[in-house]
Amino acid sequence: EEFFNNAASLLGSKDALYGLISLDYSNRWPELPVPTIESINSFMRPKFFLIAAFYLVVSSLSAQKKALNTTWRLLADYQAALSDGRPERRWLQEAIQVLMPALTHTSTADKPLTWAYSTRVNTLLFGFAMDSLQLRYAQAGKSIPQELILSFYNKDQIPYLSQALESWKIYKTRNPKYHQLFTSDALTEEDQDLKRSVVRMRLDASNLANKMYQTDQLEEAAFWFEATFNLQFDVSHTQDTASWNNACIAALKSKNLALSRRLLEFSNTKQWDQVSFYNLLSQLYLNKNDTLNALECLLKGRQRFPSDLGLITDETNIYIAQKNYIKAKESLQLAISKSPQNPQLLLVLATLNDSEVQQMNSGPGIAEYDVLWTQTEALYLKAHSLMTETSEQKFALLYNLGALYNNQAVKWNQSKPAKGNNALQYAKYSDQQAAVYLNKALPYLEEAYALKPGDEGVKKALKQIYLKIGKPDKAKNL
C-alpha cells in the first residue's frame, strides 16, 4: 500500500498508475532480438577497421624506418670489411633489397637520407668488381693498368650507375642545400660517405663515356659525357666544357639530330661551341634533305666564327646546290680573301665562272665575255700552280682548264667578223686563234689523261684535238 501510494504520487495521480498497470504484460518489456554474428560484425566493423588501419600505418612507418637503419648497418659492415681487405658483395645486394620499398613509400621517399643511401649503394655495386681487383693489386704492391680498369665498364653494370645517378638527382630535389656537401668542412660521417660516392660517380661516368665512345656506342657516350659535366658542376661548381664538347661530338656522330641540336644550342648560349659542331650539324640536316636548316646552322656558325674557311666552304656548297650562283661566288670570294693560296677554292670559283662563260651568247671580242673569260683562265692557272698533289681535284682542274681552251677555240671558229671587215681575212684570223687555244688545251688534257687513262670524256676531247691539229696517229692510239 505504501509502495503504491508513493508510486502514484511520483506519477502525479493514481489514474496514471492504473493506466500503466493495465497495459498488456507482453508489451511491458518488448522482447529484444537475439544478437547474431552479422549484427555483431556490423557493429564492430568500423571500429575494427579504424584500429587496423592505424596499426598498419604504424607498422609500415616502422618498417621503412627499420629499412633505412638496416641499410645503414649493411653499408657500415661493407665499409668495415672493405677496410679489412675482404669486401662482401652480398651486403650491398641485401642493402638494395631492403632499401627498395623505402624508395616508393611516402614516409621515406621524401627524405634525402633514403636517396643518399640509394646513391651510395648503387655506386658501390657498380664499382664492386673493380674495387675488388684494385684491392688485390694494392695488396700485391702493384698499380692496376688503365685498360684493365676500362674493361670493367660494361653493360652488365651500367644499371647500377644509372640508378645511382638518378638517385643523386632526386636527392638534390629533396635537399636544396646539397652543395654544402662539397663546400662545408663540418660534415657528418654519412655526408662524407655520400660526397665520396658522388665524386666516385663522376669518375665512373667519365670512364664509361670514353669506353662507350671507343666502342661506337655514340648516343650512350653522349649521355654519360653530359652526366660527367653535370656531376662535375655539382662537385666543384665548375663547368667541364671538355666533357660537354665530347657529348656534342658523340651526339653529332651518332646522327641523332634532336640530341645534337639540344646539346649544341646550349653550347652556343655558353659560347663553348667548336667550329666542327656547325659543320657536322649542317651535314645532319643535309642528310635529311633539309637545306634551309643546314644553311641556317652554317650562318649561325659564321656569326661565331666569321673567318672559318670550312664554314664558308660548306655555305658555298649549299648555294651551289641551290643554283644560287651569285651568293656562291660572293661566299667564295670571301673565302679566297682569307685563304688566297688555297687551290681548291680557286678551282671552285673558276668552275662557276667557267659555267657562266659557256652560257653566254657572246664570244671573243665582246668586252663582257672577254673580261669574265680572262678572270676564269687566271683562276684556273693560279690553282694549277698551287695544286701539287695528285688527286681527283687535280684531274678536274686539268680537264676543266683544257676544256676552257678547247671551248675558246670553238668560239673563235664560230665567231663572225664585224660589219665592214673582210670576211676572208677574219676567217683566217679566227682559225689562227682557234689553233692557238687548241694547242694550249692539249698539254692539260694530256696530263689529265695520264692521271685517268680510262676516262672517256678526256679521251674524246684529246681525239678531237689531235684530229684538228693533224695528228691522226695519236688519235688512233687512244
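Student: A251 lies in helix 13. Why is A251 called buried?

Tutor: The label is a cut-off on relative accessible area: buried is under 20%, exposed is over 50%, and partly exposed is in between, using a 1.4 Å probe and protein chains only. A251 has 0% relative accessibility, so it counts as buried. Before we go on, this is a predicted model, where local features need pLDDT of at least 70, side-chain atom pairs count only at pLDDT 80 or more, and totals for chains, interfaces and linings use all residues. Residues are numbered from 1 along each chain as its sequence is written, and side-chain values use heavy atoms, with hydrogens and water left out.

Student: What makes something a helix here, with a number like 13?

Tutor: Helices are DSSP runs of H or I with at least four residues, strands are runs of E with at least two, and the numbering goes from the N terminus. By that count the chain has 24 helices and zero strands.

Student: Back to A251, then. Which residues does A251 contact, leaving aside neighbours within four places in sequence?

Tutor: A contact means heavy atoms within 4.5 Å. A251 makes such contacts with A222, N256, L259, S260 and L263. Take A222: its C-alpha is 5.5 Å from that of A251, though the two are 29 residues apart in sequence.

Student: Helix 13 also meets helix 15. How do you know whether helix 13 and helix 15 are roughly parallel or roughly antiparallel?

Tutor: Look at the angle between the axes, which are lines fitted to C-alpha atoms, for helices over the stretch in contact; angles between N-to-C directions run from 0 to 180 degrees. Under 35 degrees is roughly parallel, over 145 roughly antiparallel, 65 to 115 roughly perpendicular, and the rest oblique. Helix 13 (residues 241–254) and helix 15 (residues 275–287) cross at roughly 25°, their axes coming within 10 Å. That value falls under the parallel cut-off, so helix 13 and helix 15 are roughly parallel.

Student: And what makes the crossing of helix 13 and helix 15 left-handed?

Tutor: Left-handed means the near helix is turned anticlockwise from the far one by less than a right angle, while clockwise gives right-handed. Helix 13 and helix 15 cross in the left-handed sense. On the helix 13 side the contact uses N245, C248, I249 and L252, and on the helix 15 side F277, L280, L281 and L284.

Student: How do those residues of helix 13 and helix 15 divide by class?

Tutor: Nonpolar covers Ala, Val, Leu, Ile, Met, Phe, Trp, Tyr, Cys and Pro; charged covers Asp, Glu, Lys and Arg; the others, Gly among them, are polar. The contact of helix 13 with helix 15 comes out as seven nonpolar, one polar and no charged.

Student: How are helix 21 and helix 22 oriented to each other, roughly parallel or roughly antiparallel?

Tutor: Helix 21 (residues 392–414) and helix 22 (residues 423–451) cross at roughly 165°, with axes coming within 7 Å. That angle makes helix 21 roughly antiparallel to helix 22. Their crossing is left-handed, and the contact has 18 nonpolar, six polar and four charged residues.

Student: Which residues join helix 22 to helix 23?

Tutor: Helix 22 and helix 23 (residues 456–468) pack at about 145°, with axes 10 Å apart, in a left-handed crossing. Helix 22 brings L438, A441, L442, L445, E446, A448 and Y449, and helix 23 brings V458, K459, A461, L462, I465, Y466 and K468. The tally is eleven nonpolar, no polar and three charged.

Student: What makes H237 and K255 count as exposed?

Tutor: H237 has a relative accessible area of 61%, so it is exposed. K255 is exposed as well, at 58%. H237 sits in the loop between helix 12 (218–236) and helix 13, and K255 in the loop between helix 13 and helix 14 (257–270). Neither is a glycine, yet phi is positive, about 60° for H237 and about 65° for K255.

Student: Now Q139 and N207: which is buried and which is exposed?

Tutor: Q139, in helix 8 (residues 128–139), has 55% relative accessible area and is therefore exposed. N207, in helix 11 (residues 189–214), is at 11%, so it is buried. Beyond residues up to four places away in sequence, N207 touches Q146, L150 and Y153.

Student: How much of the chain is buried?

Tutor: Buried residues make up 39% of the 478 in the chain.
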